[in-house]
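Colleague: I'm new to this one and keep tripping over the labels people use. Could you walk me through why each one applies?

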Amino acid sequence: MWTSGSMSSAKSWLGLGMSLYFWGLMDLTTPVLSGAPTPPGKLEAFLSDKPQPHPRTKRSWVWNQFFVLEEYTGTDPLYVGKLHSDMDRGDGSIKYILSGEGAGVVFTIDDTTGDIHAIQRLDREERAQYTLRAQALDRRTGRPMEPESEFIIKIQDINDNEPKFLDGPYVATVPEMSPVGTSVIQVTATDADDPTYGNSARVVYSILQGQPYFSVDSKTGVIRTALMNMDREAKEYYEVIIQAKDMGGQLGGLAGTTAVNITLSDVNDNPPRFPQKHYQMSVLESAPVSSTVGRVFAKDLDEGVNAEMKYTIVDGDGADAFDISTDPSFQVGIITVKKPLSFERKKSYTLKVEGANPHVELRFLSLGPFQDTATVHISVEDVDEPPVFDPGVHFVEVPEDVAIGTTIQVISAKDPDVTNNSIRYSIDRSSDPGRFFYVDITTGALMTARPLDREEFSWHNITVLAMEMNNPSQVGSVPVTIKVLDVNDNAPEFPRFYEAFVCENAKAGQLIQTVSAVDQDDPRNGQHFYYSLAPEAANNPNFTVRDNQDNTARILTRRSGFRQQEQSVFYLPILIADGGQPALSSTGTLTIQVCGCDDGGHVLSCSPEAYVLPVSLSRGALIAILACVFVLLVLVLLMLSLRRHRKRPYTLDDDENVHENIVRYDDEGGGEQDTEAFDIAAMWQPREVQAELLPEIQSLSRRVPQPRAAGTSAHSYVLAKLYEADMDLWAAPFDSLQTYVFEGDGSAAGSLSSLQSATSDSEQSFDFLTDWGPRFRKLAELYGASEGPAPR
């Protein structure tokens, strides 16, 4: 039987005592090697010098444990214990062998005595126990004297590790104004020493820094608030130092610390307040809708959701003209324009603005109210605004046969400013590239300047501009949509060239062709065409026309027995009339060819003479004909080019000297200093000059043919003559007509012009000019009789 031997040195008494202690207290159910009964009274048998009676003669291994203290710092190997077999007689015949964990490296055994020593420093925190195996051999034969047995060496703990906060430093948050005792966070310290042995791992917590705001539970490490009404706005961050000490906090225990950074989170305990109760703002009356007028701010010491603000307009005369919204980033109230402003209509507004917290905590209602108000005065500043049209859009319907110069709509605009400046109208030419329309510069009367054709342009979308006279940069505009109404001005006609054939064996009343027509007009009730033979073919004996009453007609034969030898082609004129007012008609020709057919009506052969060139015409003759046609075409183009580029001299003879400027003499005499060019701008003031200008127009109208339905208006006349000049490709490149109105037949002094002088052989006397005063002296010198030599 194996036993632990007696201790031979004083340093092993502690280890031995611990071995005996644990051995004696070991449960009798501790397993032993197979076949070895549990020894009764282990401790008594070990201490007794007298041999104990045993029921068996053979002794085997006894289960045992050894204990050794960690962190031994001596120079000699540390004695662990002794193994002894009851087969050993002390004569050295038994050899002890140690194997297993740490054998030969950490632990050694004296193979003669069985003493076990530790030769390395042991650390329980690295390894708490070692499992080894012992064997007793016959030193001479090497035969096992005892079966191999396993035992354990346990490392006894000492307090060599301080508590550590493995998760530190800690970060925690607690709401401000929390009640005393509110849990903040729990800290935990870990001690690597053996918690089952003594107080080495028994940790006690305490607070080193952070009082009187916080406290810590000494057993659990829970940190709690210790002061009431902690205000985040006064102090937001706290650093708390927590200490953990082992040995139950007794003197000599090891300690560790950690930092806990505690932040007070915000609660809505501060109501918003406007730093100023009155705001003064201004906005231009031209500010567009949704543009920013200004900002107001209700200050709230809270943050996050507790500082969110909702601004509203609660009173004032500007609630319908302005709006307010909240900027989510900066929590300011943005006042914007809600509808167009007018300095002339209202020059100032007053708003009462409220800022309130949308999220309110009931336990802090006593600190409220959680809203505040401020007054905002907004002044509207005047700007020079462009003219405004009323209405803002125009729709006009006009028939396409309207006369040039006809007023189709009066477009009016006004200056919205107090000054009410004069307005001048014009057309944006990019919207009317064809220049079909003209607008009166002062009245805004929209007139036609060219003939309209619905079939060419059925819609016109033009833009009329209105400009202030005193500030040309201020221009307003209005869209005008003009629908050209249809009139019956296009006769129906065949949509294509119709060609039919008739068989020689055709019977009377046989259908040979169905024709239809097209009309560019578009009457409201739809087209309805009428077909009949043209008057010159009313009694045609060969064919007839039957109107189908569905805008088509059938062409039928009137007789039978057609012969190619007699006549191979017939030309049938057909009269097509529409149902318009007045009705228009045209004549279309149907070409009918006589062909030979079989009994089923299928064409076998037709006369080819009308469709192909003679067979005898050679290729050379064809080329010669084409060359002649080309030469004739070149000559015609050359003649047209020479005629177009022929220029008239700018200095004309007396009888052809018709200038373009209309020159007016208010009174006769005075020569050239009394003449002044006619100001065409006067025609833009028809109401002011109508009485003065109308005699001139009437005088001109006796010499120039008037357009149909042009009227006697100055605008109508000028527009008509302008269009007439534009359409005349051979007219001289002048833009206006010049004439003398007040001189001549209508003047008491007679004609002063020399335009007609070349047509008469008689001499005219101008001696009376000398009696007309100094203003006519120059004319008297030029044209009057003189006794001296002729002037040069």
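Modeller: Let's begin with the polar contact: a pair of N or O atoms within 3.5 Å, where, within protein, one must be able to donate a hydrogen and the other to accept it, and residues adjacent in sequence count only if both atoms are side-chain atoms. Before we use it, note that this is a predicted model, where local features need pLDDT of at least 70, side-chain atom pairs count only at pLDDT 80 or more, and totals for chains, interfaces and linings use all residues. Residues are numbered from 1 along each chain as its sequence is written, and side-chain values use heavy atoms, with hydrogens and water left out.

Colleague: Why do Ser 342 and Glu 344 count as a polar contact?

Modeller: Their side chains are joined at 3.4 Å, and the limit is 3.5 Å, so the label fits.

Colleague: Where does Ser 342 sit, and what does Ser 342 touch?

Modeller: Ser 342 is in the loop between strand E21 (333-337) and strand E22 (348-356); strands (E, at least two residues) and helices (H or I, at least four) are DSSP runs, numbered from the N terminus. Leaving aside residues up to four places away in sequence, Ser 342 touches Glu 285 and Val 380, where contact means heavy atoms within 4.5 Å.

Colleague: Is Ser 342 called buried or exposed, and why?

Modeller: Buried means under 20% relative accessible area, exposed over 50%, and partly exposed in between (1.4 Å probe, protein chains only). Ser 342 has 13%, so Ser 342 counts as buried.

Colleague: What makes Arg 133 and Glu 148 a salt bridge?

Modeller: The rule asks for a side-chain nitrogen of Lys or Arg within 4 Å of a carboxyl oxygen of Asp or Glu. Here the N to O distance is 3.9 Å, so the pair qualifies. Arg 133 lies in strand E8 (residues 129-138) and Glu 148 in the loop between E8 and strand E9 (149-156), so the bridge ties together parts 15 residues apart in sequence. Arg 133, at 34% relative accessibility, is partly exposed, and Glu 148, at 39%, is partly exposed too.

Colleague: How many salt bridges does this rule give?

Modeller: The count comes to 15.

Colleague: Which residues form salt bridges with Arg 232?

Modeller: Glu 233 is one of them, at 2.7 Å from N to O, and Glu 303 is another, with the closest N and O atoms 3.7 Å apart. Glu 303 lies in the loop between strand E18 (292-296) and strand E19 (310-316), and Arg 232 in the loop between strand E14 (222-225) and strand E15 (237-245), so that pair links parts 71 residues apart in sequence. Salt bridges sharing partners join Arg 232, Glu 233, Glu 236, Asp 266 and Glu 303 into one network.

Colleague: How do you know that Cys 503 and Cys 597 form a disulfide?

Modeller: A disulfide is a pair of cysteine sulfur atoms within 2.5 Å. These sulfurs are 2.0 Å apart, so the pair passes. The torsion about the S-S bond is about -80°, so the disulfide is left-handed.

Colleague: How many disulfides does the structure hold?

Modeller: Two. Cys 595 and Cys 606 also form one, with sulfur atoms 1.8 Å apart, and that link is right-handed, with 110° about the S-S bond.

Colleague: Why is Cys 606 called partly exposed?

Modeller: Cys 606 has 30% relative accessibility, so it falls between the two cut-offs. Cys 595, at 1%, counts as buried.
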